[in-house]
Amino acid sequence: MTLLRLDGVRRIFPGPPEVTAVAGVDLEIAAGEFVAIEGPSGGGKSTLLNILGLLDRPTSGAYAIRDRATAELTDGEMSALRSDTFGFVFQAFHLLERRPVLDSVELNLVYRAVPAAVRRTRALEALEALGVAELADTAASRLSGGQRQRVAIARALAAGTPVLIADEPTGNLDSVNGARVIEALRTVNARGVTVLLVTHDPEVAAAAGRRLRMRDGRLTELDTMARRSGADATSAPIGTPARTRFGDLVRDAAASVRTRGGRTVGGVVAVAVAVALAVGAFAVGATAQAQVSDRFDAHANREVAATWSPGDGRYRPPDAALLDGLSSLSGVVAAALLDELGGHVVTGVPERPGVIAPVFAASGDLVAAARLTMRDPLGTGPVVLIGSSLAAQLDLPAFPAHPVLLVDGTRAAIGGVIAASPRVPELSGAIVWVGDRPAFAESSRRTALLVTRAGAAPQVAAQVAVVIDAAQPGSVEVDAPADVSTLRTEIEGDLLLVLSGFTGLALLAAVAALANAMAGSVLERRAEIGLRRAVGARTRHIVGLVLIESLLIGVAGGIAGLFAGLMAALALIASQGWLPVFEPLVAPAALLGGAVIGGLGGSLAARRAARVLPGEALRA
Ligand code: ADP
Ligand code: MG
């Protein structure tokens with residue numbers, strides 16, 4: 001039976017310029033033949049081999065394999081038939097560099113879903129047959145050219161495919177190694193495999209049983225004495241074409257990642273940096289958030305102020321009962337009443353130019369309730385406190401001389417200077433009577449200033465109006481951080497937003513870096529990917545391989561980043577003397593993040609890898 005038959009096959013590359021690489025070829029090849037095709041470079045030999053090996057389709061003419069026409073085959077059927085029929089050997093070897101030779105020899109069987117143990121036996125047998133069994137565990141990158149080519153032939157032999165296609169297998173070899181490779185091809189042919197060999201070395205061609213010459217796209221028979229190997233040529237490959245096991249895909253990806261040092265490390269570092277940033281930001285963020293909230297509680301949540309206008313407009317004596325009532329509210333730690341007495345002429349003694357300044361009168365514990373910072377201790381018989389800016393304006397003599405002031409002509413001894421008054425800022429430019437009230441005092445507005453225990457302010461605020469004016473609590477204006485929990489949530493929300501922003505940017509950068517690394521890796525491996533496709537890998541196997549590689553790198557980066565981020569955060573938190581607050585979900589989140597980066601980063605490269613055609617292995 002005719003194994004392969006070409007009838008009037010033409011292959012025209014549309015260009016421009018249009019090239020007729022194969023210009024009408026008729027050829028019949030019987031099972032068990034050893035055919036050599038010679039001819040000058042550019043004569044169309046590789047193009048013809050691509051068509052014969054189902055790596056390319058003719059522009060016109062018919063190609064039949066065992067009388068089965070190939071023109072109507074779908075891409076999937078063509079892949080399966082190719083995987084069942086052909087093994088390939090190329091000038092550039094195309095072994096899996098840095099991986100043990102066995103991995104390369106088993107590759108065809110991986111894509112035929114052959115179990116690992118059977119693969120190993122078949123691969124070792126093939127290496128044995130070609131005299132290179134001792135190299136099985138050596139990294140391919142350490143072999144000589146001649147050894148590599150024999151390993152490549154073993155790969156074609158191991159699958160048990162009936163036809164071996166070799167495109168200039170000795171092109172990169174010296175004559176001694178070339179002769180060994182030719183010997184290896186004869187060995188393979190003697191076992192019943194049909195060999196199609198392209199060479200432009202006449203000596204190499206002389207080893208074949210049948211010699212053809214190709215020039216300008218046309219084929220001529222040089223030596224029609226068709227020598228056939230004696231062996232029965234009906235060998236069939238084992239396994240199922242274009243199938244693979246998921247476990248093998250993962251193992252293949254892991255081996256590929258392990259042996260591609262530089263790119264792998266680059267990818268892992270990119271992911272690790274991003275994940276570390278994210279982990280660190282959230283770890284520090286959670287701690288800082290607790291700090292912010294604590295401070296928030298410590299200050300704002302402890303102050304209540306209530307303001308009202310006394311009904312009769314006349315100043316009334318210090319309301320001891322009111323202060324008692326306020327102080328006895330649960331949670332109140334300091335209380336004071338502050339009366340606004342309006343503007344009055346304040347003059348220094350001895351006589352200086354006077355100024356009009358706001359005057360207040362206070363009772364209760366004003367220093368604590370208004371959170372005053374006093375610059376000078378209160379002297380004996382204090383009458384007024386003076387704000388620091390008013391003191392500077394009046395150019396008062398230095399303390400502790402305890403100067404005297406005139407307020408609307410009334411003498412008042414200064415008991416101290418208010419250096420800072422954060423709760424009632426007006427006091428820094430004012431006079432505050434803290435002793436007996438002056439006769440002119442007429443209060444338009446009263447304020448009760450309260451300081452509470454942490455967290456008690458809301459309850460106190462709810463009760464204070466009733467204490468001040470039980471009859472008309474609505475006339476009292478209460479100023480307190482009424483909805484503390486809302487404010488707190490807002491602050492925490494802001495913090496989260498900032499952190500999410502940072503994290504998002506870091507993750508985007510990692511995806512970009514990994515996408516770049518993986519795309520570079522695919523570019524470097526076009527020939528390898530082409531070879532995988534040539535021996536039967538489907539597009540989705542290639543996509544799966546690249547995605548799994550990328551996922552492995554992403555997860556490795558996630559683990560590394562998790563540790564790096566936690567260490568960095570701990571160092572920062574310790575240096576601040578804070579109490580670390582850790583979210584336990586950060587670990588699974590880091591791994592998931594790494595995987596997501598891996599998936600996204602690998603998807604672009606996977607799409608590119610999917611476009612690599614089986615024929616690219618021959619072209620490289
Ligand atoms: P050989 O293997 O005998 O050196 P080839 O089959 O590689 O010859 O090339 C035959 C002709 O076809 C050459 O002119 C080459 O430039 C052209 N050719 C080969 N492959 C392609 C392609 N993919 N696209 C366009 N032209 C091509
Ligand atoms: Mg060629």
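User: Why is Phe90 called buried in this predicted model?

Analyst: The relative accessible area of Phe90 is 2%, and buried means under 20%, so Phe90 counts as buried.

User: What makes Phe88 and Phe90 a stacked pair?

Analyst: Their ring centres are 5.9 Å apart, with 5° between the planes. Rings pair if their centres lie within 6.5 Å, and planes under 30 degrees apart count as stacked, so Phe88 and Phe90 fit the label.

User: Then why is the pair of Phe86 and Phe88 called tilted?

Analyst: The centres are 6.3 Å apart, so the rings still pair, but the planes sit at 40°. Stacked needs under 30 degrees and edge-to-face over 60, so that angle leaves tilted. Ring pairs link Phe86, Phe88 and Phe90 into a cluster.

User: Are Phe86 and Phe88 buried or exposed, and how do you know?

Analyst: Buried. Phe86 has 2% relative accessibility, and Phe88 has a relative accessible area of 2%; the cut-off is under 20%.

User: Now the ligand. What makes the link between Lys45 and ligand 1 a polar contact?

Analyst: A polar side-chain atom of Lys45 lies 2.9 Å from an oxygen atom of ligand 1, and the limit for N or O pairs is 3.5 Å, so this one qualifies. Backbone atoms join in too: a polar one of Gly44 is 3.0 Å from a ligand 1 oxygen, and one of Gly43 is 3.2 Å from a ligand 1 oxygen.

User: How much of ligand 1 does the protein bury?

Analyst: It buries 64% of the 550 Å² that ligand 1 exposes when taken alone. Helix 1 gives the most to the shell, with 3 residues.

Terms used
Residues numbered from 1 in each chain as written. Chains lettered and ligands numbered in written order. Predicted model: local features only at pLDDT ≥ 70, side-chain atom pairs only at ≥ 80, totals over all residues. Heavy atoms only, no water. Polar contact = N/O pair within 3.5 Å; in protein donor to acceptor, adjacent residues only side chain to side chain. Areas by Shrake-Rupley, 256 points an atom, 1.4 Å probe, with all protein chains shown as cover. Helix = DSSP H or I, 4+ residues; strand = E, 2+ residues; numbered from the N terminus. Phe/Tyr/Trp six-rings, centres within 6.5 Å; stacked < 30°, edge-to-face > 60°. Buried < 20%, exposed > 50% of the residue type's maximum accessible area, 1.4 Å probe, protein only.
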